[in-house]
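Me: Please examine the structure below with me. I should like each term to be justified by its definition.

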Amino acid sequence: MPNFTAADLVELFRQELELCKVTQGEELVILSEPSSRSEYVEAAFAAGQQLGARVLQATLPGGSPVPLPSSRTGSGAGLTSLDDSPLALSLLQGADMVLDLTNEGFIHTESLGKILGAGTRMLFVADPPEVLARNLPTPEDKALVKAGAALLKSGGELRVTSKSGTELVADLVDSHPGFQCGIADDPGRWDHWPSTMVLAWPKTSQGRIVIASGDILLPFKTYVRDEIVLTIEGGRIMDVSGGGDARLLQIFFDDADDEEARFLSHMGWGLMTRADWFAMALYDRESLMGMDARGLAGNFLFSTGPHPFMDRHTYNHLDIPMRGCTVEVDGRAVVDAGRLIEL
Ligand SMILES: [Fe+2]
């Protein structure tokens, strides 16, 4: 953790909690597991107190039964210990805000809905300090992603093309557009620091996705070396072809032995202007979530597996951010050859 002192971390978390509108007298719960970054727990605790919040720290047993490594994958079930603890759940439901410092977060879990449904806002934080600091959100980010989500909501068709040969059309009708902006400041809102992206959950799509060399496969946290061609029909991956990386994906789908894994999940584009595509190459894999890749401004991020609005709940979830794509909503470009267009 070079150049980040304890005081730096307290200041960093104070700025973030201010963005999340943590105020005097609010109930703030810092949620962790035994292997969470203890320096984050301490810094967040101090930052919350500086803002006048009533701070309480809860540590739950770690562990998760997912088929993938459960540390910072973005695919996991979160801590199953929460599912088994009505006491912990009621604590989180009673908080104004939960700062989630567990390694995997609760993004795809049923517990999350119960917590947010009680009006608690929740912010997930798992990346290294330099990644957090570089991508500290601004209040303006929220307006930008909301504009993108509104465009998706009013749109009928998302079209993605690339020089490499991507030609995908996704149906935006009833696709539940949403966003992440790194700020959880509304009651019942979940967000992730760092993340700035717009996304939708198309129920169907067709065409071809060509994952080019230099694109990224998550949660494997690897850079693609040779092209992968996915043939999509009815929102399902019908064929995977290409070289060695295509073989890797074929093996992933074969090993998963899970029909739900072969469907497309959320898709959208990144707006995180200070993201670093090479962060993943510079850190130990378990130490970072890879949000630089997921949120990079002008990427096209698509994913496979779970689809909560079509009752698909598999944990076989890939996030695949791609560079150099053109993304259009009903013919209006929001990303042009990998360059973000401000709405
Ligand atoms: Fe995802």
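Me: What volume does the largest pocket have?

Reply: Its volume is about 1,000 Å³, a volume being the space filled by probe spheres set on grid points joined across faces, edges and corners. The model is predicted: local features need pLDDT of at least 70 and side-chain atom pairs pLDDT 80 or more, while totals for chains, interfaces and linings use all residues. Residues are numbered from 1 along each chain as its sequence is written, and side-chain values use heavy atoms, without hydrogens and water.

Me: What makes a set of points a pocket?

Reply: On a 1 Å grid over the protein atoms alone, a pocket is an open set with protein on both sides within 12 Å along at least five of seven lines, whereas a cavity is a set where a 1.4 Å probe fits but cannot get out; lining residues have an atom within 4 Å of a point. Here 43 residues line the largest pocket, and I107, H108, L112, W201 and P308 lie nearest its centre.

Me: Why is the site of the iron ion called irregular?

Reply: Four donors count as tetrahedral if all angles lie between 85 and 135 degrees; four count as square planar and six as octahedral if opposite donors are over 155 degrees apart and all others between 65 and 115; anything else is irregular. The angles among the 4 donor atoms are 50 to 136°, so the site is irregular.

Me: Which residues coordinate the iron ion?

Reply: H266 (NE2), H317 (NE2) and D319 (OD, twice) coordinate the iron ion at 2.1 to 2.8 Å. Donors are N, O and S atoms within 2.8 Å of the metal (3.2 Å for Na, K and Ca); water is not among the atoms, so sites may look incomplete.
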